Every structure is written in C-alpha cells, then in structure tokens.
Amino acid sequence: MGLESPTHISDLVAANPVGATDPKSEGDDHIRNMKSVLKTDFPDVNAPTAAYIVSATAPTAPVAGTRWHDTTLDVLKIRDKANTAWITQPGSVVTSNSVDINAGTIDGATIGGTTPGAGSFTNLDATNMDSTIIGATTPAAGTFTTLSATTVTFLASGTVMCFFQAAAPTSWTQVVTQNNKALRVVSGAGGGTGGTVAFTTAFASQAVTGTTDGTAITEAQMPAHVHYPRENTGTLSTSPSYVQVTTAKQAPTGNIGTSTSSTGGGAAHDHTFTGTAINLAVQYIDMILCSKD
C-alpha cells in the first residue's frame, strides 16, 4: 500500500498514492495526512502567509510581511504592516556581514542628518568607518563593537586644527589667511594674532655691525699732565727766514709764568666695532590650519 504515516512534510512520499494499486477509499487518509503535517509544521499560521519572492519586479499580490529580494537593485525589501509600501532592509544580499544604514537611529542618535550631531552617522557600513570592520571578533585599532550616541562624537563644522601634511584631508578646508607665523601658547583665550615681522624674516642669520655714540673728551676726562717750556741754547739757523737772538743763561730771580699754546678742537668721535653674526635660522616644520566643512 502507498499510505504513509507522516509527522512532518518531509515524511510525505511524493509517489503516493499509487494509482494502479491503492484503493480510492484511502484517498481521504492521504488528505488527512497532508492536513496533519501542515498544521504541525505551520502551527501559528492564522492569516495569509508572507512568502519570500526573488524577482526583478515587485510581487503583484503581496501581504504584510512578504519579503522581496529585488534582483534589479540587489536589496531585500519587506512589505509594511499596512500592506501599502515596501521597506528596504539594511542588510546586504550580495556581501557577507555588510550593512548600509541611511536613516533611523543608533542608541537614539539620528543617522543621515544634514548636519550630524554628537553620535550621529551619515554613512555606516562594514567598510566605511575609519576603514575598519564593525563588530569584528577581535577589534583592531579604530574598530567599534558597540556604537552609541555617548561613545562617538564628531567634530563640529568650523573647528580649526593643525595638520602636518601637504594638503587638507577630506571634509576639511585649508585656512590660507595665516601664513609664515609662529605658534604661541597662551593661558587666556586663544585664536588671537599679533606681531609685524614674518617668521622667516625674524629668524634669519643676522650680522652684528654698527658704531657707538660720539663722545667729546673734556679736560676732566683727560689724564693729569703738565707741559714744560724749553729754552733754546743752540745756534741760530742760517736760513734767511729766522732771526738769531742769543742770550746768556742766568738764574731766575723770581717765578716765571709761561704756558704752551692750546691745541685740539674737542670734537666728538666714534668707536666702530665688529662682532660674530647671530644665526637665528631655527629649524621648523610647516603646519597647515584646516577648518572642518
């Protein structure tokens, strides 16, 4: 006989009943077997069953919960509760362990906002957060296993930072209004500027040359000294330009007051000096200022 005793759908034998040998009176037994396994394997089905459809076009008669693998876009969609629209699911149907989230929230943080706030994300997938995989068993540097609004914070637009690289990174714009200046640390409010000399001008090799102020030497500043007059006891020159006068030496009978004539003009004079050049060409690295877009 071709009558089985099934419990689940897998127990049914597709070749039964055998039309050539099985009596028609067992037909009701076969029908009861099918009803029994269907109720066993689908115990909670009390409404139209939502199917999983794989098609390039949308199903024409879906029910709430129907799943549609859209092979045109390679995305998975589910029919909403009201059975009025298809909701695209974030899980990829072509890449393992990959998601693409463009809306909604993560722990209360809005995703996809025009201006992302603290903890919100504009694009989150398996390969697009710091180029690391999300949810890896052993997190690498920059990998996240838990994401929430309180653990991830983005820099606000307009934030200015220094970068040691040739050009501004993605999503940043270089600030070009500041150039050839030094960095100064202050204890008060930052963001100020000052000074008038360019960095490379002030810190260049400088030669040290110049003069001291002119100084007129006064009598008090001269060393103490006297001038003695000289008596001529020699012969007169034969040159016609001179007149010879000969006198006999005699002891002075009193004080003789005499002085030499004054010389010098009391003019100021300079003292020049030379020195070793001071090399202020300090080593430096070029930083750029960039503003967050």
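## Report on a predicted protein chain

Leu38 lies in helix H1, which spans residues 27-41. The model that holds this residue is predicted. Leu38 has a relative accessibility of 45% and counts as partly exposed, because partly exposed covers the range between under 20% (buried) and over 50% (exposed). Leu38 also belongs to a nonpolar surface patch, which it makes together with Ile9, Phe42 and Val45. The area of this patch is about 340 Å².

**Whole chain**

The protein chain contains two helices and 15 strands. Of its 293 residues, 15% are buried. The surface that the chain exposes comes to about 22800 Å², and carbon and sulfur atoms supply 54% of that area. Among contacts with a separation of 6 or more, 47% are between residues 24 or more positions apart.

**The sheet of E9, E15 and E10**

Three strands form an open sheet in the order E9-E15-E10, and their pairing is antiparallel. E9 and E10 stand at the edges with a single partner strand each, so each has one side without a neighbour in the sheet. From one strand to the next, the twist averages 40 degrees. In general, strands of a sheet pair through backbone hydrogen bonds, in either a parallel or an antiparallel manner.

E9 covers residues 160-163 and E10 covers residues 172-175, while E15 covers residues 288-292. How many bridges join E9 to E15? There are four, and the two strands run antiparallel. One of the residue pairs involved is Val160 with its bridge partner Ser291 in E15.

**Ser171**

Where is Ser171 found? It sits in the loop between strand E9 and strand E10. Leaving aside residues up to four places away in sequence, Ser171 touches Ser291, Lys292 and Asp293. Ser291 thus appears twice in this account: as a contact of Ser171 and as the bridge partner of Val160. Ser157 is 14 residues from Ser171 in sequence, and their C-alpha atoms are 9.6 Å apart in space.

Is Ser171 buried, exposed or partly exposed, and what is its relative accessible area? Ser171 is partly exposed, with a value of 38%. The table sets out this residue and Leu38, each with its location and relative accessible area.

| Residue | Location | Relative accessible area |
|---|---|---|
| Leu38 | helix H1 (residues 27-41) | 45%, partly exposed |
| Ser171 | loop between E9 (160-163) and E10 (172-175) | 38%, partly exposed |

Notes. Residues numbered from 1 in each chain as written. Predicted model: local features only at pLDDT ≥ 70, side-chain atom pairs only at ≥ 80, totals over all residues. Heavy atoms only, no water. Buried < 20%, exposed > 50% of the residue type's maximum accessible area, 1.4 Å probe, protein only. Contact = heavy atoms within 4.5 Å. Areas by Shrake-Rupley, 256 points an atom, 1.4 Å probe, with all protein chains shown as cover. Patch = residues over 30% accessible without salt bridge, like charges linked within 9 Å, V, L, I, M, F, W, Y side chains within 5 Å. Salt bridge = Lys/Arg side-chain N within 4 Å of Asp/Glu carboxyl O. Pairing = 2+ DSSP bridges. Axes fitted to C-alpha atoms, helices over the stretch in contact; angles between N-to-C directions.
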